[in-house]
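The following exercises concern a single protein structure and are to be worked through in order. Please keep the sequence and the model at hand while reading each solution.

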Amino acid sequence: MRKKLVVGNWKMYGNSIENEQLLNSIVAGLTGLQIEQCAVCVPYPYLPSVQNKLNNTNISWGAQNVSQYQKGAYTGEVSTSMLNDFGCTFVIIGHSERRSLFGENNDIVAEKYVAAQGGKLTPILCVGETLEQRERGITEQIIQEQLMTIINKAGVESLSKAVVAYEPVWAIGTGKTAAPNQAQEVHTFIRNSIGTQDMTIAKELTILYGGSVKANNAAELFAMPDIDGGLIGGASLVADDFVAICNTLNN
Ligand code: PEP
């Protein structure tokens with residue numbers, strides 16, 4: 001049985017006081033979930049306090065990016081072993097904001113994915129098309145290219161230790177959610193495309209949907225047969241909303 005998962009992406013929001021309140025409410029609200037069904041990916045400086053707070057709870061944590069390099073003169077970068085020091089389980093790789101604002105192309109994303117797995121972190125690999133690409137009818141081609149760069153570099157078997165997040169760029173932070181069947185269509189494409197190389201890995205792969213998931217639309221999205229949970233941005237900063245979205249997995 002493939003795992004269900006909801007991951008919060010805090011992006012560059014929060015401070016010590018707000019985080020403390022948010023985490024207290026999340027921990028209190030998520031007593032019924034299994035370990036590794038719910039996680040938060042937080043800004044680097046807060047990893048020690050998040051680790052302190054979430055240790056011995058059923059909630060995992062991780063980072064939003066990692067260097068492809070192991071160590072060296074890479075000013076401003078953070079390595080996988082540094083994330084290991086703070087007990088991270090997950091790291092988001094190839095988020096569309098990293099791709100569009102920080103120049104991460106498919107090759108860099110693949111290097112980071114390999115580094116994450118080499119460092120015993122579970123990559124949450126983000127793929128997805130822009131509005132312009134969708135309107136041109138090349139959604140599947142774009143996603144295929146994003147996946148194939150990973151498979152060519154790391155092998156299809158690497159996906160047995162990864163999570164994929166389908167995040168249509170036009171739905172991230174815009175309030176425009178993909179309709180459940182629209183998202184399901186792309187999730188099916190992702191699973192089938194990986195299935196042509198390895199059916200068992202494809203069937204077991206956790207594929208999250210991300211893009212304006214809220215407490216009031218999570219249930220219909222997560223009810224789709226190939227949507228195994230969500231990657232949640234804005235709503236992960238509102239405790240009640242995030243708790244409600246996570247608890248949708250139990251329904
Ligand atoms: C995200 O940051 O990955 C995301 C999906 O954001 P939002 O939920 O705010 O659209």
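**Exercise 1.** Determine whether R136 is buried or exposed, and describe the salt bridge that its side chain forms.

*Solution.* Step one: R136 has a relative accessible area of 54%. Buried means under 20% relative accessible area, exposed over 50%, and partly exposed in between (1.4 Å probe, protein chains only). R136 is therefore exposed. Step two: a salt bridge is a side-chain nitrogen of Lys or Arg within 4 Å of a carboxyl oxygen of Asp or Glu. The side chain of R136 meets that of E132 in such a bridge, with 3.3 Å from N to O. Step three: E132 has 46% relative accessibility, so this residue counts as partly exposed.

Before the next exercise, the basis of the values should be stated. The model is predicted: local features need pLDDT of at least 70, side-chain atom pairs count only at pLDDT 80 or more, and totals for chains, interfaces and linings use all residues. Residues are numbered from 1 along each chain as its sequence is written, and side-chain values use heavy atoms, with hydrogens and water left out.

**Exercise 2.** Find the salt-bridge partners of K11 and R134, and classify each residue by accessibility.

*Solution.* Step one: side chains of opposite charge can pair when their charged atoms come close. Step two: K11 pairs with E97 at 2.8 Å, N to O. This pair links distant parts of the chain, 86 residues apart: K11 is in the loop between β1 (5-9) and α1 (16-29), and E97 is in helix α4 (residues 96-101). Helices (H or I, at least four residues) and strands (E, at least two) are DSSP runs, numbered from the N terminus. Step three: K11 is buried at 17% relative accessible area, whereas E97, at 28%, is partly exposed. Step four: R134 forms a salt bridge with E129 at 2.7 Å, N to O. Here E129 is buried at 0%, and R134 is partly exposed at 24%. Step five: in the whole structure, ten salt bridges are found; R2, R191, D226 and D228 are linked in a network of them.

**Exercise 3.** Which residues come nearest to the ligand, and which polar contacts does the ligand make with E167, G233 and G234?

*Solution.* Step one: a residue is near the ligand if one of its heavy atoms lies within 4 Å of it. There are 14 residues around the ligand, and K11, H95, E167, G173 and S212 come nearest. Step two: this shell divides into four nonpolar, eight polar and two charged residues. Step three: a polar contact with the ligand is a pair of N or O atoms within 3.5 Å. A side-chain N or O atom of E167 is 2.7 Å from a ligand oxygen. Backbone N or O atoms of G233 and of G234 each lie 2.9 Å from an oxygen atom of the ligand. Step four: the protein covers 98% of the 300 Å² of accessible area that the ligand has on its own.

**Exercise 4.** Where does T206 lie, and is this residue buried or exposed?

*Solution.* Step one: T206 belongs to strand β7 (residues 206-210). Step two: its relative accessible area is 7%, so T206 is buried. Step three: a polar atom of the T206 side chain lies 2.7 Å from the backbone oxygen of K3.

How values were computed
Polar contact = N/O pair within 3.5 Å; in protein donor to acceptor, adjacent residues only side chain to side chain. Areas by Shrake-Rupley, 256 points an atom, 1.4 Å probe, with all protein chains shown as cover. Nonpolar A, V, L, I, M, F, W, Y, C, P; charged D, E, K, R; others polar.
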